[in-house]
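The exercises below are worked from a chain and its ligand. Try each task before reading its solution.

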Amino acid sequence: MRKDLGKELMFMPLPVLMIGTYDGNGKANVMNAAWGGVYDYGQIIISLSKHKTTDNLELKKEFTVSFATKDTEKISDYFGMVSGNKEDKIEKSGVHVSKAPHVDAPIIEEYPLTLECKVISFEDGSLIGEIVNVSCDEAYLDENGKPDVDKMGIIAFDMVSNSYRVLGDVVGKAFSDGSNI
Ligand SMILES: Cc1cc2nc3c(=O)[nH]c(=O)nc-3n(C[C@H](O)[C@H](O)[C@H](O)COP(=O)(O)O)c2cc1C
C-alpha cells in the first residue's frame with residue numbers, strides 16, 4: 001500500500017552550495033543555496049530570491065560555488081541564516097578568503113572543492129552559470145588526482161527533516177551495475 005502525501009516539495013538529496021561573491025567595494029560574501037543542480041554540460045542552475053548575493057551577481061557577473069562539508073556544516077548554515085547586508089559573515093565566521101584565479105569572486109579556503117563560474121543569465125530567479133574552472137585543496141585529492149568525496153565529507157540537504165547529511169557509502173558502480181539484469 002502507498003500513501004499519498006499531497007503536493008509537497010520533497011526532492012532529495014539537495015546539494016549544500018556556498019555561493020561566493022564580491023560586492024562593489026570588493027567585500028567578500030557567501031550564501032547557502034540548496035535549490036541548485038546541473039543545467040547542461042559545463043553549466044549549473046541555482047534558484048535564487050533577492051539577497052546581497054544577487055545584487056553582487058548583477059554587478060560582477062562572476063561567482064564561486066563550493067560544496068559544504070561535515071567540518072563546515074555550522075558556518076554553512078550560518079551563511080544561509082544571515083544576510084551579508086546585516087553582518088560581515090566572513091569576519092564573524094573567521095573563514096579565510098582569497099581571490100579566485102579565473103573569476104572576480106572569492107574562494108573560501110575552508111571548502112575543499114570550488115567551481116569558478118561566470119553568469120550566463122539570471123532571469124526570473126534562475127541563475128545559470130558556466131563553470132570556467134574547478135579547484136580542489138590538494139589534501140582532498142585521491143591517488144588518481146580526483147576529489148575524494150569521502151575525505152571531504154561533503155554534505156547534502158534533507159528537506160524532509162531539515163537536516164544536513166554526509167554523503168554515504170558507495171553501493172554500486174554507475175553505467176555498469178545495470179548491465180547484467
Ligand atoms: C539550507 C538552506 C538552503 C537555502 N537555499 C536557498 C536557495 O536555494 N535559494 C535562495 O534564494 N536562498 C536560499 N537560502 C537562503 C539564503 O542562504 C539566505 O537568505 C542568506 O541569508 C542570503 O545571504 P546574502 O543576503 O548574504 O546573500 C537557503 C538557506 C539555507 C539555510
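**Exercise 1.** In which sense do strand 2 and strand 3 pair, and over how many bridges?

*Solution.* The model is a predicted one. Step 1: locate strand 2 at residues 17-22 and strand 3 at 28-33. Step 2: read the pairing, which is antiparallel, with 6 bridges. Step 3: check one pair; M18 has N32 of strand 3 as its bridge partner. Step 4: look at the connection. The two strands make a hairpin, with 5 residues between them. In the turn, G26 has a positive phi of about 80°.

**Exercise 2.** State how far strand 3 is enclosed by the rest of the structure.

*Solution.* Step 1: take the cut-off, under which a residue is buried if 20 or more other C-beta atoms lie within 10 Å of its own C-beta. Step 2: apply the cut-off to strand 3, where 5 of the 6 residues are buried. Step 3: conclude that strand 3 is largely enclosed, because 5 of its 6 residues are buried. For the background, buried residues make up 28% of the 181 residues in the chain.

**Exercise 3.** Describe the shell around the ligand: which elements supply it, and what classes of residue does it hold?

*Solution.* Step 1: count the residues around the ligand, 20 in total; H51, T53, G80, S83 and G84 come nearest. Step 2: assign elements. At least two shell residues each come from strand 3, helix 1 (52-60) and helix 2 (73-81). Strand 3 gives the largest share, 4 residues. Step 3: sort by class, which yields 10 polar, 8 nonpolar and 2 charged residues.

**Exercise 4.** What is the strand order of the open sheet that holds strand 11, and which strands lie at its edges?

*Solution.* Step 1: write the order, 1-11-12, for the 3 strands of this open sheet, with antiparallel pairing. Step 2: find the edges. Strand 1 (14-15) and strand 12 (163-166) each pair on one side only and are the edge strands. Step 3: examine one pairing in detail. Strand 11, residues 155-158, is joined to strand 12 by 4 bridges. Here A156 stands opposite R165 of strand 12.

**Exercise 5.** Why does the radius of gyration of the chain agree with that of a compact globule?

*Solution.* Step 1: set the expectation; for 181 residues, a compact globule would have a radius of gyration near 16 Å. Step 2: compare it with the chain's 17 Å, which agrees. Step 3: add the extent, a box of roughly 60 × 45 × 30 Å along the principal axes, filled by the C-alpha atoms. Step 4: add the secondary structure, 4 helices and 12 strands.

How values were computed: Residues numbered from 1 in each chain as written. Predicted model: local features only at pLDDT ≥ 70, side-chain atom pairs only at ≥ 80, totals over all residues. Near = placed C-beta within 6 Å. Nonpolar A, V, L, I, M, F, W, Y, C, P; charged D, E, K, R; others polar. Pairing = 2+ DSSP bridges. Rg over C-alpha atoms; globule rule 2.2 N^0.38 Å. Buried ≥ 20, exposed ≤ 12 C-beta atoms within 10 Å, placed from the backbone.
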